[in-house]
Amino acid sequence: MTAPPLRRGTRLGSGTLSFTFDGRRYTGQVGDCAASALLANGVRLMGRSVKYRRRRGLLGAGPEEPNALFTVGTQAQLIPNVQATQLLLREGLTLRSQNRWPSLQVDLASLLQAGGGLFGAGFYYKTFMWPSWRSYEPLIRRLAGLGDAPLACDLPMPATEHLDCDVLVTGAGPAGLAAALAAARAGARIVLCESEPLCGGELEFERGRIDGQDSDSWLAAMLTELDRLGVRVLTSTTVVADNHGEFIAHAEPGGLPGSNTVYRIRARTMIAAAGALERPIIFANNDLPGVMLLGAAERYLARYGTAVGRDLVLFANHDRAYASAQRLLVGGMRVRAIVDARTDAHSAVGLSDGNALQSLKGSLATAGVEILSASAVTIAEGGRAVRAARIAPLASGGHERRISCDTILVSGGWSPALYADLHGSGAHAYAPELGSFVAAAQSDWHIHAGAANGRLDLAAAMSDGHAAGTRAAAAAGATGDSGSPPQARGDPPPRLAPFARSPCPLVGEKRQFIDLQNDVTVADLRIALAEGFSDIEHVKRYTTLGIGTDQGRSSAVVGAAILAELKGESPAIVGISRSRPPYQPVTMRSIAGFHHGDAVMITRRTPLHDWHAAHGGVLEPMGLWMRPRFYRASGANAADAAVAEARRVRAHGGIADSSTLGKLEIAGPEAAAFLDFMYLGKASTIRVGRSRYMVSLREDGMVLDDGLVLRLAEDRFLATTSSGHGTHMLSHFEHYQAARWSARGATVTDLTDAWAVIVAAGPQSRSTLAQLLGAAWQGPLAQLGHMDFTAGRYAGQDLRLLRASFSGELAFELHCRPAIAARLWEALNAAGLTPYGLDALDILRVEKGYLVSSELNGQTTPLDLGMEALVISSSACLGQALLDRPAFHEASRPRLVGLRAADGRAPFLAGAQLTIDAAPTRPCGYITSSVYSPTLGEWLGLALLARERAAEGATVMARDPLRGRNTPVRVVSPVHFDPTSARMKV
Amino acid sequence: MSTLPASARRYSAWSLLRARYAGPGYWRPLWSGRNLQPAYDVVIVGAGGHGLATAFHLVRDHGLRRVAVLEKRLVGYGNVGRNTTIVRSNYLLPENHYFYEDALRRWETLSRELNYNVMYSPRGVLDLALTNDDFPALARRGNALRLAGIDAELLDLPALERFAPELEPRRKRRFPIVGALLQRRGGTVRHDAVAWGYARAASALGVDIIEDCEVTGVRAAGGAATGVETTRGHVQAEQIVFATAGHTGTIGTMLETALPIETHLLQAMVSEPIKPLLNSVVVYVSPGHGETYICQSDRGGLVMGGHLDGFPSYTREGAWHRLEDVVRGALELFPRIGGVKILRHWAGTNDMTMDGSPIMDRLRYDNVFVNAGWCYGGFKAIPASGAAFAQFVATGTAPELIRPFRLSRFATGHLLDETGQGPFPVRL
Amino acid sequence: MTRLACPFCGPRELREFEFHKTGPAAGGQGEFERVYLRVADPQLSIEHWQHVGGCRAWLLVHRNPSSGLPLAVELLAGNAP
């Protein structure tokens, strides 16, 4: 640590704050970011690089920062990888450095540097093969990664806000402000998003004059006017994605998740005015703490009142460095030298404002600043941090210099932040005068402004912004007067000469760091080129250039420029790698939004849900529904309870909640014909007051679903679907109604939630109902035949009584209004029919060979399920045509069968595969369902077994190696119990 | 073990040491930029994983001499470099699991075979069960695998807790976790390395890999294809192989053949790197968020994917709503990473067939072959696909392993519908 | 996010709609062609969508799958190919 440098107050507040970094207590000021506070405390070492674990300090002052990433918080609630530059200091903040052991100062893994030359680009593709990658991987994984994985996270729900505007402006720098003002004046509705907590961009330190005022006054007046014009200004908010025309913006105030907002912004047009990112110049040891971007030093001074060092050397390739130097001098730092990589061709002589520049240089010289033109910093010297800069003239023959300093500020120019992937094409073009890429094709809907168009000086940026705002407003239909463009004067135009890296002997290139986070050096690019990775996309993937958490902000463009130099090609040909959204990393909790935890999806509850929950029903998800598997009162565990409930139904009776069944009403003069098309078998032959079990096919001939179809009237049917398929079947019916029956008088209406369904099953069901429903129901109950239904009233509400059974017992479905469901259920329960859950239902239906989704799994045809008669009786129903395909008639196709253990005792489980014997052959089938039947006293199964093996009496092996069972089983009829259905037809 | 010819620079720790002193000039291009020749025995269209692997095996296993791989853009720029790096063979249907098991066995030794570390990491693939009703289907699949000699284990809750405590299986969730099907040999492979490794090996064997060369048409005469039209002119070919994942539909159009394929977008995304959190690959499907599969790269990023974006697209621009779904699933699994950030998301275009399984067959002409329709499974199939397809092209007879994937199966009904989803890539 | 102009509800966010399938291949008369074969035109995709988050109407949507932009939206009812 060096002595704390000079400190003034921050712009954003006053007062002091206490925080800790790596266990040590520090004091910062209100308005500080973590980086500025640490800088002000003389802390330089803030991180370690990923690969070599080299010591790293701050490079930047914003989202480009690759080095200073902290873990924030305490054990229970850690947020890893927080950029110190983005993190607003708050009282009591606990910060930890990352990716080092045992400490930031002493990191044993930094010994890896000793093997530096071994670990060049792609080294891991060439080794770690013996004996296997897996033997190295655990260690490599521990060495990699950045912050620790959090142990807990209890972030509050982020806010979501939907905005609609004519023009979305991203970036509230000079260009963005001018654009917003012009468009707003023209009458357009504007949303202006600024990533930083403050508007103004580089006006923060550039302090030019605009429309006759100093820039601070202009900015204040400007924000007042934007407010008056109704412009929605969102600071600390970044537009992160263009979701096919809907923009996603993310606000994480203070750089730490906690009060985040996701904006979904619908805009007629978008103006990208995100400014530019300063590029470093690469030289040997440029990763030492103390080498920073020049603009970052200006920001630390202007916003936080923090000097980045005491003795500075500036290294740049443009004129703006001189203005910067002047401001840093005024800020109390000593500028030892300005190293200007340009030759005399770039001197100010003959330029319109050349005199101003000359006088600036003069005053700098007077202040003791040495100006070394046509020179470059070639090496940063120092062990733990910068101690000196070695400077060499670029022309041969000059003398090398060594200037002591604690900080080297570099500026290689600016790369427009292109928002490439927020703009469909992401088209860009090389601008040699910038050494970078500017936006190319633009439409009225995606307009770039300011730096993105290469307008780097204040005046040009603002007039470009004004033009963009005017154009966008017009495109959005706003026709007002956008006023005249702001007249601005700021720093001299940069007059930049592209200069990406200093001369360096080959061996030194291993210390010329391009991507600081991933330790990608110039030497790595050479390796990549030697190996034929010459396209920028290949180089990026092979060397990991620009894939760090800064998303290449500090490295991508300069890396491409150096690649161009090494290839001897124009940067225009090399291009830049395609960046991927989001434009800035987005916190996962923000992306998840409201849909998190219990709210990840809706929960569908039947009208009896609360009763089940209050009476020991064990509710489990079934699709989006919650359904009771069993009731605790029935037995000590799930299996016992299910057996007891099933036994009770057969012996006496029980009630079950089947409200989850899908219920679709099909009505209209051609309803019957429509259903004849939608189902296998004929709905048109069902008599009014009767129902029929029916099966629908998917387009490819597989069974889609089954259920009962009730004919309510000549032109009205109720089709029930299985619980899991209700939503799907509704869409499916509606699809064919629209596609083929729209002109033919059949409508589809979803009544799933309009009716609760209580099943009363068992020998006592009829007598209990008779006792309960009252005199009006006695006749119908006595006369109702199997599959008949009747309608009436109960407790003043509609009740439909359908005699149908999914248990094999005499059973009734009571379709009632949800409002009376609980009352009816309680009355049935009080009358002695106790509830049974899904597990008991499963036992009962397997005993009878009834099918559920285990059998109707989308892979079975009706022929597989023994429905030949239905197929033959149908004519041209949906899916039938493709049943003729030969594969569906082969002997290897499955057939639904019943299974019992050969010894009548052994258990076997659904999911077992069936083979013809115990040899490890290809299976000939599998068990779809299995239950222990309390009625029959043994395990029963349903299976799909190859037809050639499916003869009743045949024995096959149930192979269940997963659960360690091998059970010989006998093929029987799928109807295990009461094959004549005498019990349900009484 | 390796099959590289002597001319290629062998990779080893020793080579790294040599290079340290010799400088970058020590290294050689992985694949050479030879010039496009006017005629080849086999022209392979598409320098992705399948195309390059096919080229490699054509030369190494079948002794073909004049083989070219023509690539529209860059080696490995398509789906081989855009997927979530998962390899596994735990498919239900025998046709699929035998094929993918062949691939998995090859993955196990591929690094040494290619002398290029593709970082096969058998960290285990977990398919989570969310209710007891999920076990029969998982058991059906796992038992089928075991009978085929492929590893699979069914984990109940305590076993899952032991294997992957980081999942906190007992944590209360809207859709709770009750167990899993585990394939221990499943895991991840460094995706780019596969393209580069095969390209290097194929090039060393004499295959011409031509980048920036788009095939725009097929020239035919007398009932057979005679070559391809490219942006670099006409190239004669005895046989033509299309391995253009995601764009096979347009190849069909080029050959005037409608295919049972829709083109869809599949996204992947990665978080910023964190220290090891997740030590296996987890597939988590719930009615809540849809599907999330997630693993952690060796660099530390959580790599995630899910369902298709949901409608046909060639844009390679993933929709935000799918990103939301996948992230919701990730946070259902790991609520504690709510404060971690998503760094990048991207998308690839996928051939989605009408039964969810690939197509490896001839197309229109006897000497035109198409290796396509990979749906979600293209990356993990590469080594098996390359070897088997090369045999198909070289001998004219499809090996047993890939015969089930013929195009005619849709018409005959010999469908390979793993999930029972039917002829709709997007579930209604 | 692109909007689809539902003939009943007007322009609505894409997330309210669900894609089901692309139309059958041109000239495909038989049931096999209708169910299995697809047109692969990168410039035009004719698709069946449902406005599930709205009026539930089934729609015939013409879209350019290379740009993602809808070209025309009409009711499937009465316009099914």
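In chain C of this predicted model, C:E18 stands opposite C:Q50, a residue of strand 4 of chain C. The two strands around that spot, strand 3 of chain C and strand 4 (residues 45–50) of chain C, run antiparallel and are joined by four bridges. They belong to an open sheet of four strands in chain C, ordered 3-4-5-6 with antiparallel pairing. Strand 3 (18–22) and strand 6 (70–75) of chain C are the edge strands, each pairing on one side only. On average, neighbouring strands of this sheet are turned by 30° against each other, direction ignored.

**From chain C to chain A**

Chain C also touches chain A: 16 residues of chain A are in contact with 16 residues of chain C. On the chain A side, helix 19 (residues 726–740) of chain A gives the most, with six residues. By class, that side of chain A has five nonpolar, six polar and five charged residues.

Chain A has a sheet of its own to look at. Here six strands close into a barrel, in the order 47-50-49-48-51-52, and the pairing is antiparallel. Neighbouring strands of this barrel are turned by 40° against each other on average, direction ignored. Within the barrel, strand 49 (residues 925–933) and strand 50 (residues 938–946) of chain A are joined by eight bridges and run antiparallel. One place to find this pair is A:S933, which stands opposite A:E938 in strand 50 of chain A. A visitor from another chain sits on this sheet: helix 4 of chain B packs on it, touching strand 48 (913–915), strand 49 and strand 51 (955–960) of chain A. The direction of helix 4 of chain B makes about 40° with that of strand 48 of chain A.

**Where chains A and B meet**

That helix is part of a wider contact, which takes 88 residues from chain B and 98 residues from chain A. Several elements of chain B each supply at least two residues to the side that touches chain A, among them helix 1 (13–22), helix 3, helix 6 (191–204), helix 8 (320–333) and strand 16 (341–353). Helix 4 of chain B gives the most to this side, with ten residues.

Strand 16 of chain B takes part in pairing across the chains as well. Two bridges join it to strand 32 (residues 586–587) of chain A, and the two strands run antiparallel. To locate the pairing, look for A:V586, whose bridge partner in strand 16 of chain B is B:I342.

**Chain B on its own**

The secondary structure of chain B comes to ten helices and 18 strands. Its radius of gyration is 22 Å, close to the 22 Å that the globule rule gives for 428 residues, so chain B is as compact as a globular protein of that length. Along its principal axes, the C-alpha trace of chain B spans about 65 × 60 × 40 Å.

Chain B is divided into domain 1 (35–121 + 186–260 + 354–428) and domain 2 (122–185 + 263–353). The C-alpha centres of these two domains of chain B lie 26 Å apart. Between them, 40 residues of domain 1 of chain B are in contact with 33 residues of domain 2 of chain B. On the domain 1 side, helix 3, strand 7 (187–188) and helix 7 (248–254) of chain B each supply at least two residues, and helix 3 of chain B gives the most, with five residues.

Helix 3 of chain B has a partner in helix 9 of chain B too. Helix 3 (residues 94–114) and helix 9 (residues 378–395) of chain B pack at an angle of about 85°, with their axes 7 Å apart. That angle makes helix 3 of chain B roughly perpendicular to helix 9 of chain B. Residues of helix 3 of chain B in this contact include B:F99, B:Y100 and B:W107, while helix 9 of chain B brings B:K380, B:A381, B:I382, B:P383 and B:A384.

The residue classes of three contacts that involve chain B can be set side by side.

| Contact | Nonpolar | Polar | Charged |
|---|---|---|---|
| Side of chain B that touches chain A | 46 residues | 24 residues | 18 residues |
| Side of domain 1 of chain B that touches domain 2 of chain B | 17 residues | 19 residues | four residues |
| Helix 3 of chain B with helix 9 of chain B | nine residues | no residues | three residues |

Technical notes: Residues numbered from 1 in each chain as written. Chains lettered and ligands numbered in written order. Predicted model: local features only at pLDDT ≥ 70, side-chain atom pairs only at ≥ 80, totals over all residues. Axes fitted to C-alpha atoms, helices over the stretch in contact; angles between N-to-C directions. Parallel < 35°, antiparallel > 145°, perpendicular 65-115°, else oblique. Contact = placed C-beta atoms within 7 Å. Nonpolar A, V, L, I, M, F, W, Y, C, P; charged D, E, K, R; others polar. Pairing = 2+ DSSP bridges. Domains from an automatic or database assignment. Rg over C-alpha atoms; globule rule 2.2 N^0.38 Å.
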